[in-house]
Amino acid sequence: GAGNVVANQSLDVIIDSPTLIVADGKLGFGQWIGKQITAIGIGKCKEQGMSIVALRNAGHLGRIGHYAEMAAAEGLVSLHFVNTSGLGMFVVPSGGLDARLSVNPIAVGFPMAGRPPFILDMAAASAAEGKLKVARNKGVPVPAGWILDSKGQPTTDPNDFYTDPMGVILPFGGHDGYGLGLVAEILAGALTGAGCSQPGKTRLEQGMLSIYVDPQKLQSGDAFTEEIGRYIDFVKTSRPSTPDGKVLIPGDIEE
């Protein structure tokens, strides 16, 4: 009601070429805008063999893995990079105390023959902010290494994040996660025209860069999905590190 999201918005397509789309979400409901832009990207890719889709000014896009699943269901490989352009700037750079990055989601999907798709859906941060909310609502601590309080001290109490001034979320894996977050921020922010994270934003404006590839245009028949299946089966033959454990791939638990 505060103008933070606008109902009944359709995409405003700014650039429409055979393989490249740039679109403005006009702050519409993210899940609806996300589905529209993904359907366009899938259609272009099936015609041309690949497509690149740049989305700016979308409302909250929700779970990014859903868009990778949409593409995989059509037999396509896809990569998605997302930022929030400022509201949602919760993540510190490696070695820093002040938040400068979004909780940048990155999703990658591959179709697999005769089995659910491979879907990697992750944040380039120790945790998505929603996981902190869940922990706070349950009254449970979060793992060490996820957050710092507003004074820059490590903490496992999610309430220490929701203070004024707020705490911050750490990148995962130190400088590795920080580097990946910068890449996502630049691809989703600068390259789409959405803008990278900056202070002073009062509403959530998400950018997403999506890349779609049709493996059937690169290899004949089912060679791609068959090779993935062979390799995944081989990966899963690694002896589990615990007696009752098993080796999983991204998407197994969600599936």
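Buried means under 20% relative accessible area, exposed means over 50%, and partly exposed is in between, using a 1.4 Å probe on protein chains only. This is a predicted model, where local features need pLDDT of at least 70, side-chain atom pairs count only at pLDDT 80 or more, and totals for chains, interfaces and linings use all residues. Residues are numbered from 1 along each chain as its sequence is written, and side-chain values use heavy atoms, with hydrogens and water left out.

**Exercise 1. Work out which face of helix α3 is buried and what it packs against.**

Step 1: Find the helix. Helices (H or I, at least four residues) and strands (E, at least two) are DSSP runs, numbered from the N terminus. Helix α3 covers residues 129-138.

Step 2: Pick out its buried residues. They are E129, L132 and A135. Seen down the axis of α3, these fall within an arc of 115 degrees, so they line one face of the helix. The arc is taken from the directions from the helix axis to the C-beta atoms. As a rule, an α-helix has 3.6 residues a turn, so residues three or four places apart point the same way.

Step 3: Flip to the other side of α3. Here K131, N137 and K138 are exposed.

Step 4: Look for the packing partners. With contact meaning heavy atoms within 4.5 Å, the buried residues of α3 pack against β7 (147-148) and β9 (168-169).

Step 5: Step just past the helix. G139 has a positive phi of about 75 degrees.

**Exercise 2. Trace the open sheet and place strand β5 in it.**

Step 1: Write down the order. Two strands pair if DSSP finds at least two bridges between them. The 7 strands run β1-β2-β3-β10-β4-β5-β6, with mixed pairing.

Step 2: Check the edges. β1 (12-16) and β6 (118-123) each have a single partner strand, so one side of each is left without a neighbour in the sheet.

Step 3: Go to β5 (residues 105-110). On one side, 4 bridges join β5 to β4 (residues 77-83), antiparallel; on the other, β5 pairs with β6 over 6 bridges, also antiparallel.

Step 4: Follow I106 across. I106 is the bridge partner of F81 and stands opposite M122 in β6.

Step 5: Ask how enclosed β5 is. In this strand, 5 of the 6 residues are buried, so β5 is largely enclosed by the rest of the structure.

**Exercise 3. Describe the surroundings of T192.**

Step 1: Place T192. This residue sits in the loop between α4 (175-190) and β10.

Step 2: Check accessibility. At 1% relative accessibility, T192 counts as buried.

Step 3: List the neighbours. Leaving out residues up to four places away in sequence, T192 touches V22, A54, L55, R56, L187, G207, M208 and L209.

Step 4: Look at the polar side. A polar atom of the T192 side chain lies 3.4 Å from the backbone oxygen of G189.

**Exercise 4. Find the backbone oddities at P165, N57 and S85.**

Step 1: Start with P165, in the loop between β8 (154-155) and β9. A cis peptide bond joins D164 to P165, with omega about 0 degrees.

Step 2: Move to N57, which lies in strand β3. Its phi is near 60 degrees, a positive value in a residue other than glycine.

Step 3: Finish with S85, in the loop between β4 and β5. The phi of S85 is also positive, near 60 degrees, and at 0% relative accessibility S85 counts as buried.

Note on methods:
Polar contact = N/O pair within 3.5 Å; in protein donor to acceptor, adjacent residues only side chain to side chain.
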